Amino acid sequence: MVEIKWHNENARKMTVHNKNGVVYLTYPAFDSQEGIVHGFSTRLGGVSQGIYSSMNLSFTRGDEEKAVRENYDKLAAAIGFCAEDIVTSDQTHTANVRKVTAEDRGKGITGDYTDVDGMITDVPGLILSTFYADCVPLYFVDPKRRVVGLSHSGWRGTVRKIGNVTIRKMIEEYGCDPEDILAAVGPSICQGCYEVSEDVIERVKDAFDRKYWDGLFYGKADGKYQLNLWEANRDSAGTYIHAESLYLLQSGTAFFPQSLSWKKRKSGSLFGAEEIKVTAANRKNVCCRYFYFAFIFSIRDMIFSLLERTFSTDTS
C-alpha cells in the first residue's frame, strides 16, 4: 500500500480509516460531532486497473464505467451510505453555491446543473461530494441546525471568497448562526508546492487587504510567487466565524507520491499502483496531486470530498 505521509509530522493529523481495503481520511474535529459523516477519499481499495488503479471515481478519464460504478459502491459500503444519494458539484472555479434539496436525490453522481463549486443542504441523507487534485476542500457544519456545506476552492474560488459565500448562503437559506458553524480547510496543495505567476498575485492583492499579503504569498527571483491557499481560505471563511471554530487541518494533511509532472498526469499517462510504488521511494512527495473525492453528511445529512476529476493545476 502507498504510504501516506504528512505535511507536519508533529501536527494533529487526519484519521486514516481502512475498511475492507478502502482507505479514506476524516477530520478529528468533525468525528466528535454526533451524526456527522464525512471524509476524504484516497486511490486505495478500488477495482480499476492499469493507469486508473484503483479507487478511480471519475467517469471522464477513460476508465470502464462498470469499474467506476463498482468503486462508488465499494466506497459507499465502507463508509455507510447509498451511492444513489450522492450529489456532486460541477466544478468550473466559480463562487456559485447551490442549495441541494430533496429533489436532487436520485440524480446519482451526475446532476442536471452546471457551474457549481459549492453546495449546502439540510436534507437528511443527501451526500454532498466534490473533487480535488490541488485545490482546497472547504467543509462546513452547523450541528445545531444540522446543515452541512462543502465547497471547492482553487485560486479563482479563493479570490472570489467562496468560503465566505458558502457561509452567507447557509445564513440566508437556513438561518444559521455563524457562531455555531464549524469549518475546516482540507487536504490540498501547500504554499511550498504552489507556484503562480504575477497575474494571479495581482488578483490576490485585489481580493485581500494589504495587511494579509505577507502571510499569503512571497516572491522569488525568477518573478514567480508561492501562494498560500490555506491561509487565504482561512482568512475568507474567518470573516464570519470564530477562529477557534475554523480548523486549519491541512497542517496535518496527507502527502501522496508524485511520479510524473501534472501535464503527464492530466493525460493519464502513468497512474498505475505498481508504477507509483516503484517511484515513490525516489521522487519527492507533494500535497494532494492525485484525484480525490471529498464528502460530508450527517446521519441525516452528509458531505463528502472526492478525488479531483482533472489532474491539471493550471486552472486551479
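This passage describes strand pairing, nonpolar cores and polar side-chain pairs in a predicted model.

Strand 3, which spans residues 22–26, is mostly covered, and five of its five residues are buried. In a regular strand the side chains alternate between the two faces of the sheet. In strand 3, Val-22, Tyr-24 and Thr-26 point one way, whereas Val-23 and Leu-25 point the other way, and all of these residues are buried.

Strand 3 pairs with strand 2 (residues 15–19) in an antiparallel arrangement, and five bridges join the two. Within this pairing, Leu-25 of strand 3 is the bridge partner of Val-16. The hairpin formed by strand 2 and strand 3 has two residues between the strands, and Asn-20 in this hairpin takes a positive phi near 55 degrees. Strand 3 also runs antiparallel to strand 4 (residues 36–41), to which two bridges join it. In strand 4, the residue standing opposite Leu-25 is Phe-40. Leu-25 is thus matched with Val-16 and with Phe-40.

In soluble globular proteins, nonpolar side chains tend to be buried together. In the present model, the largest nonpolar core has 36 residues, and Phe-140, Phe-217 and Leu-227 are those with the most contacts inside it. At least two residues of this core are supplied by each of strand 9 (136–142), helix 3 (155–159), helix 4 (162–174), strand 11 (182–185), helix 5 (198–207), helix 6 (213–216), strand 14 (225–227) and helix 7 (229–237). Helix 4 provides the largest share of the core, with five residues. When neighbours within four places in sequence are left aside, the contacts of Phe-217 are Gln-191, Ile-201, Val-204, Lys-205, Tyr-225, Gln-226 and Leu-227. Apart from this largest core lies another, of 26 residues, which includes Ala-29, Phe-30, Ala-184 and Ile-296.

Polar side chains also form pairs. Ser-89 is located in the loop between strand 5 (86–88) and strand 6 (97–99). This residue counts as buried because its relative accessibility is 2%, which falls under the 20% cut-off. The side chain of Ser-89 is joined to that of Gln-91 by a polar contact of 2.7 Å.

The structure holds 11 salt bridges. One of these is formed by the side chains of Arg-98 and Asp-104, at 2.8 Å from N to O. Arg-98 counts as partly exposed because its relative accessibility is 24%, whereas Asp-104 is buried, with a relative accessible area of 2%. A further salt bridge is found between the side chains of Glu-173 and Lys-99, with an N to O distance of 3.3 Å. This pair links distant parts of the chain, since Glu-173 lies in helix 4 and Lys-99 in strand 6, 74 residues apart. Glu-173, at 33% relative accessibility, counts as partly exposed, and Lys-99 is likewise partly exposed, at 34%.

The salt bridge between the side chains of Glu-202 and Lys-205 has an N to O distance of 3.7 Å. Both residues lie in helix 5, three residues apart, which corresponds to about one turn of the helix. Glu-202 counts as partly exposed, with a relative accessibility of 34%, and Lys-205 is also partly exposed, at 24%. Elsewhere, Asp-142, Lys-144, Arg-145 and Asp-180 are joined into one network by salt bridges that share partners.

How values were computed:
Residues numbered from 1 in each chain as written. Predicted model: local features only at pLDDT ≥ 70, side-chain atom pairs only at ≥ 80, totals over all residues. Heavy atoms only, no water. Buried < 20%, exposed > 50% of the residue type's maximum accessible area, 1.4 Å probe, protein only. Helix = DSSP H or I, 4+ residues; strand = E, 2+ residues; numbered from the N terminus. Pairing = 2+ DSSP bridges. Core = buried A, V, L, I, M, F, W, Y, C linked by side-chain atoms within 4.5 Å. Contact = heavy atoms within 4.5 Å. Polar contact = N/O pair within 3.5 Å; in protein donor to acceptor, adjacent residues only side chain to side chain. Salt bridge = Lys/Arg side-chain N within 4 Å of Asp/Glu carboxyl O.
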